[in-house]
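New to this one? Here is a quick briefing to read with the structure open beside you.

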Amino acid sequence: MHAWHGIRHPSVEYPMQRTAMRFFGSGLLLSVFFAPQFAAAASAVTLGVVTWIGYGPIYCAAANGYYKKYGLEVKLVNFSDNSVMAGALQSGEIDATTLTYDQVIAANARGWKLKVVMPVDYSVGGDAILASMQIHDIKDLKGRKVAFMAASPSDFLLGYALAKDGLSEKDVQPVNTTPEGVVGILAGGSADVGVSYEPNVSVIVKSSGGKRFHVLMSSRDARGMITDVLVLKESVIAKSPKLVEGLIRGTMEGLAFMRAEPGKATAIIAKTLEISPAEVQDQLPNIENPSLANLGDVFKKTAVLPSFYASGKIIGDILKREGQIEATPAIETTYDASFVNAVQADPGG
């Protein structure tokens, strides 16, 4: 779900996703959204985001001043390219950021010591493997050409699907392209299978009167394979634990607002993303913001999604294969579960 997040063309339905990190660098900042003016005693915090439907709880928390309750004056720094956000965090340009979990693995493989403190959202339908009508099973992909972007969320979803059926990407013929490029490749007949995200998925399925392609598998069947997370540097976490707690509590209040006041929340998200409320409503079912009771699921030491121990192995193997990293960092070094545990133990704060 990703290069996706950046620039929106007025004539195109806004894409739902972002692309995997290939390069680290200084932040390309489009704009800064200012939360309401807070008391002078509040600590100024910069939080990196991209214009992504899954960050609704953060947008609502900032707009409604929920972080202020925890002594934080949060400024949302909107990046045009999420691939540079880990670098901006590492260099200290921002205090905290949202990333996809694969970016954390790639960063920590470089020794950056970034830590996930909470999951923000899961893709649950926004990413999909698309196939021609004669293909009905993942096992049918063996030997076929599959169009997707290497080392991206599409790659991770495909890797997960193949592994579940005892296959690997060595069993298919990869056709490397952008997520948008998948549309043309399938339409032109250069491949019978492709992996992409919305709105490309809908474009492909609806093409030719809906008679050529169908969704073979979507991220709804792999909840947690593609996860957006809240990340800080290990040194910042150690120095400012109250900052981390405040970000988590404020964000969860934003989620509570979304569920209690869906109309008002939709308006905030639509304004932030510069799309219509109807588009927000169309996109929200394809992501899931986990409830407080389920925030710790990613930290469980299990081979079952949404655990990082499940997704991290697949991501690490693919990044190594693509030459992005030399070795996968130990999963337990990529997160700090203590803050989620504390908030779950004392929800009222």
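Start with helix α3: 8 of its 9 residues are buried, so the rest of the structure largely encloses it. Keep in mind as you look around that this is a predicted model. Overall, the protein chain has 12 helices and 12 strands, and 58% of its 349 residues count as buried.

**Helix α3 and its surroundings**

- The buried residues of α3 are Tyr101, Asp102, Gln103, Val104, Ile105, Ala106, Ala107 and Asn108.
- Those buried residues pack against quite a list of elements: the helices α2 (85-90), α4 and α11, plus the strands β4, β5 and β11 (227-233).
- Right after α3 comes glycine 111, which has a positive phi of about 85°.

**How α3 meets α11**

- Take α3 (residues 101-109) together with α11 (residues 308-321): the two helices pack with their axes 10 Å apart, at an angle of about 60°.
- Angles that are neither roughly parallel, roughly antiparallel nor roughly perpendicular count as oblique, and α3 and α11 are therefore oblique to each other.
- The crossing of α3 past α11 is right-handed.
- Which residues meet here? From α3 you get Tyr101, Asp102, Ile105 and Ala106, and from α11 you get Phe308, Ser311, Gly312, Ile315 and Leu319.
- Sorted by type, the residues of this contact are 6 nonpolar, 2 polar and 1 charged.

**Helix α1, another mostly covered helix**

- Helix α1 spans residues 56-64, and 7 of its 9 residues are buried.
- The buried ones in α1 are Gly56, Pro57, Ile58, Tyr59, Cys60, Ala61 and Ala62.
- What lies over them? The cover includes the strands β2 (43-49), β3 (72-79), β4 (96-100) and β5 (114-123), along with the helices α8 (241-260) and α9 (262-273).
- Just past the end of α1, glycine 65 has a positive phi of about 75°.

**Leucine 216 and its distant partners**

- You'll find leucine 216 in strand β10, which covers residues 213-218.
- Is leucine 216 buried or exposed? Its relative accessibility is 15%, and buried means under 20%, so leucine 216 counts as buried.
- Leaving out residues up to four places away in sequence, leucine 216 touches Ile129, Leu130, Ala131, Ile135, His136, Asp137, Ile138 and Leu141.
- One of these partners, aspartate 137, sits 79 residues away along the chain, yet the C-alpha atoms of the pair are separated by 7.0 Å.
- Contacts across long stretches of sequence are a theme here: of the contacts in the protein chain with a separation of 6 or more, 80% are between residues 24 or more positions apart.

**Backbone oddities to look for**

- As background, most peptide bonds are trans, and most residues other than glycine have a negative phi.
- The bond from glutamate 198 to proline 199 is cis, with omega near 5°. Proline 199 is in the loop between β9 (193-197) and α6 (200-206).
- Leucine 305 and proline 306 are also joined by a cis peptide bond, with omega about 10°. Look for proline 306 in the loop between β12 (287-288) and α11.
- Alanine 151 has a positive phi, near 55°, although it is not a glycine. Its home is the loop between β7 (145-148) and α4 (153-164), and at 1% relative accessibility alanine 151 counts as buried.
- Glutamate 274 likewise has a positive phi, near 60°. It is found in the loop between α9 and α10 (277-283), and with a relative accessible area of 64% glutamate 274 is exposed.

**How far to trust the model**

- Mean pLDDT for the protein chain is 89, and 88% of the residues reach 70 or more.
- Residues 1-17 have pLDDT below 50, and the model gives this stretch 67 contacts beyond near neighbours in sequence.
- Residues 19-40 also stay under 50, with 74 contacts in the model beyond four places in sequence.
- Where pLDDT is low, the predicted coordinates should not be read in detail.

How values were computed
Residues are numbered from 1 along each chain as its sequence is written. This is a predicted model: local features need pLDDT of at least 70, side-chain atom pairs count only at pLDDT 80 or more; totals for chains, interfaces and linings use all residues. Side-chain values use heavy atoms; hydrogens and water are left out. Axes are lines fitted to C-alpha atoms, for helices over the stretch in contact, and angles run from 0 to 180 degrees between N-to-C directions. Helices (H or I, at least four residues) and strands (E, at least two) are DSSP runs, numbered from the N terminus. Angles under 35 degrees count as roughly parallel, over 145 as roughly antiparallel, 65 to 115 as roughly perpendicular and the rest as oblique. A crossing is left-handed if the near helix is turned anticlockwise from the far one by less than a right angle, and right-handed if clockwise. Contact means heavy atoms within 4.5 Å. Ala, Val, Leu, Ile, Met, Phe, Trp, Tyr, Cys and Pro count as nonpolar, Asp, Glu, Lys and Arg as charged, and the others, Gly among them, as polar. pLDDT is the predictor's confidence in each residue, from 0 to 100. Buried means under 20% relative accessible area, exposed over 50%, partly exposed in between (1.4 Å probe, protein chains only).
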